[in-house]
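Q: Could you pick one part of this model and look at it closely for me, strand by strand? Once that's clear, I'd like to hear how the rest of the chain is laid out around it.

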Amino acid sequence: MKEFQYAAVKEEFEQWKAQGLSLNMDRGKPCLEQLELSRGLLNALDFDDCVADGVDARNYGELAGMPCARRYWAEVLDVTPEQCFVGGSSSLNMMYDLVAKAWTNGLLHSEKPWSQEEKVKFLCPVPGYDRHFRVTESFGIELIPVQCDGSGPDMDQVEQLVKDPQVKGIWCVPKYSNPDGFIYSSEVMDRIASLKPAAPDFVVIWDNAYCVHEIRGGYVPFPDILKICAEKGNPDLVIEFASTSKITLPGAGMAVMAASEANIKHLSKLMGAQMISCDKLNQLRQVRFLKDKAHTLELMQKHAAILAPRFDAFLKELDAEIKPLNIARWTDPKGGYFISLYTAPGCAKRTVALCKEAGLVMTAAGAAYPYGNDPEDSHIRIAPSFPALKDVEMAAKVFCTCLKLATLEKQGK
Ligand SMILES: Cc1ncc(COP(=O)(O)O)c(C=O)c1O
């Protein structure tokens, strides 16, 4: 460990600055080696072999997706094919579309479209995924933060808040939550599935973006929330999403919405007004390439072998340089794309600003909170996936220097 004295740390910082670095740990994107794993994707389909289950992927039809794609997702998510609506390439787009449909038409149990409500509020477990929050914010929906711990959102708080009929939903990333990397406990899942919200059309947006995305260790099975909801007498409460963005190619993957058959029917009817069918060629190509869940999990182990050293490199530096000082805590995720780090209160923004000065771009401090407002100014999201391993190692060193300097400045030393 290096010295923890203002003059020495400042000197170290100036040395980084002088190097004119250009490092970026901003967004959770797969790296080039990961993209290489999908090299076969573009050749997985032949023009003369585009019919599956009697459906010609080259033509209109099958609004809810290729039957083989619906079966693929049913196996991955442990639901039924009838509960799967396979869409385009982006699950975020499907989530946006769900909120838009609620806004313009209403959900299955809505008394009126949300746009006609005096006010709509949404629960946002924090820290969370900034793009989720932006979706709801863009409709003028009020965002209410809900504290999270290692087992998921604070359910006492959620159960209290859903008594307000203006509270219409909650964002959830149940497995390897973005950014903490936590997996919701079965108790939290049971309590979510048992919610009795005042709003009849309250929706749990269950974004299972990291459903097969282990970094270390084998696949962690995950219960089917739709089944739990049905058992609790709440079959239409949850709408689940996932995609192959971080299985094959981001932006060119295959997204799915899984929900009760009643929800799928209601939403299909609304979607029928906006399109005839999605890109089934892409769906067929993805399924031909990924085959089934077992084959997908094999591919995910290859992703893990590329990602794990990057996570390890960052965590190793934090352990060596920060742990002995006791000036921050961080998560040690087994999957997903992020590490969450918590500085002493009031040090996150300054740390990220110092990183920028030293040539290292980090996600804006506070981004994981509604309206970008982390009341403690303590959280920083670290995304080690994209840079080359040697750059992650370098970035970790720069980051530790900046974190120390920000902390010393705050302590007035
Ligand atoms: C939690 C979560 N949901 C959704 C997405 C985006 O998914 P897609 O590419 O399917 O739109 C991301 C991407 O980082 C994410 O972290």
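**The eight-stranded sheet and its surroundings**

A: Let's start with one pair of residues: A242 sits across from V256 of β11. That pairing belongs to a longer match, in which β10 (238–243) and β11 (255–258) run antiparallel and are joined by four bridges. Helix α3 (67–77) packs on this sheet, where it touches β4, β10 and β11. Its direction makes about 125° with that of β4. Bear in mind that the whole model is predicted.

Now zoom out to the full sheet. Eight strands make it up, in the order β4-β11-β10-β9-β8-β5-β6-β7, and it is open, with mixed pairing. At the edges are β4 (84–86) and β7 (152–153), each with pairing on one side only.

The loops around here are worth a look too. V126 and P127 are linked by a cis peptide bond with omega about -5°, and P127 falls in the loop between β5 (121–126) and α5 (130–138). A second cis bond runs from N178 to P179, with omega near 10°; P179 belongs to the loop between β8 (167–172) and α7 (186–193). Then there's E62, a non-glycine residue with a positive phi, near 55°. You'll find E62 in the loop that runs between β3 (55–56) and α3. These spots catch the eye because most residues other than glycine have a negative phi, and most peptide bonds are trans.

What about the ligand? It has 14 residues around it, and S90, S91, L92, S243 and S245 come nearest. Helix α4 (91–104) gives the most to this shell, namely three residues. By character, the shell holds six nonpolar residues, seven polar and one charged.

For comparison, turn to another sheet, an open one built from three strands. Its order is β12-β13-β15 and its pairing is antiparallel. The edges here are β12 (328–330) and β15 (379–382), each of which pairs on one side only. On average, neighbouring strands in this three-stranded sheet are turned by 20° against each other, ignoring direction. Helix α12 (348–357) packs on this sheet as well, touching β13 and β15, and its direction makes about 40° with that of β15. Looking at the strands themselves, β13 (339–343) and β15 pair antiparallel over four bridges, and I339 faces I382 of β15.

How does the chain divide up? Domain 1 covers 6–28 + 297–410, while domain 2 covers 41–290. Taken over C-alpha atoms, their centres are 30 Å apart. Where they meet, 22 residues of domain 1 touch 22 residues of domain 2. On the domain 1 side, α11 (293–321) and β15 each bring at least two residues to this contact. The most comes from α11, with seven residues. That same side of domain 1 breaks down into 15 nonpolar residues, five polar and two charged.

Last, the overall picture. There are 13 helices and 15 strands in the chain. Its radius of gyration is 22 Å, close to the 22 Å given by the globule rule for 413 residues, so the chain is as compact as a globular protein of that length. Along the principal axes, the C-alpha atoms fill a box of roughly 70 × 55 × 35 Å.

Definitions and conventions
Residues are numbered from 1 along each chain as its sequence is written. This is a predicted model: local features need pLDDT of at least 70, side-chain atom pairs count only at pLDDT 80 or more; totals for chains, interfaces and linings use all residues. Two strands pair if DSSP finds at least two bridges between them. Axes are lines fitted to C-alpha atoms, for helices over the stretch in contact, and angles run from 0 to 180 degrees between N-to-C directions. Two residues are in contact if their C-beta atoms, placed from the backbone, lie within 7 Å. A residue is near a molecule or strand if its C-beta atom, placed from the backbone, lies within 6 Å of it. Ala, Val, Leu, Ile, Met, Phe, Trp, Tyr, Cys and Pro count as nonpolar, Asp, Glu, Lys and Arg as charged, and the others, Gly among them, as polar. Domain bounds come from an automatic or database domain assignment. The radius of gyration is taken over C-alpha atoms; the globule rule is 2.2 Å times the number of residues to the power 0.38.
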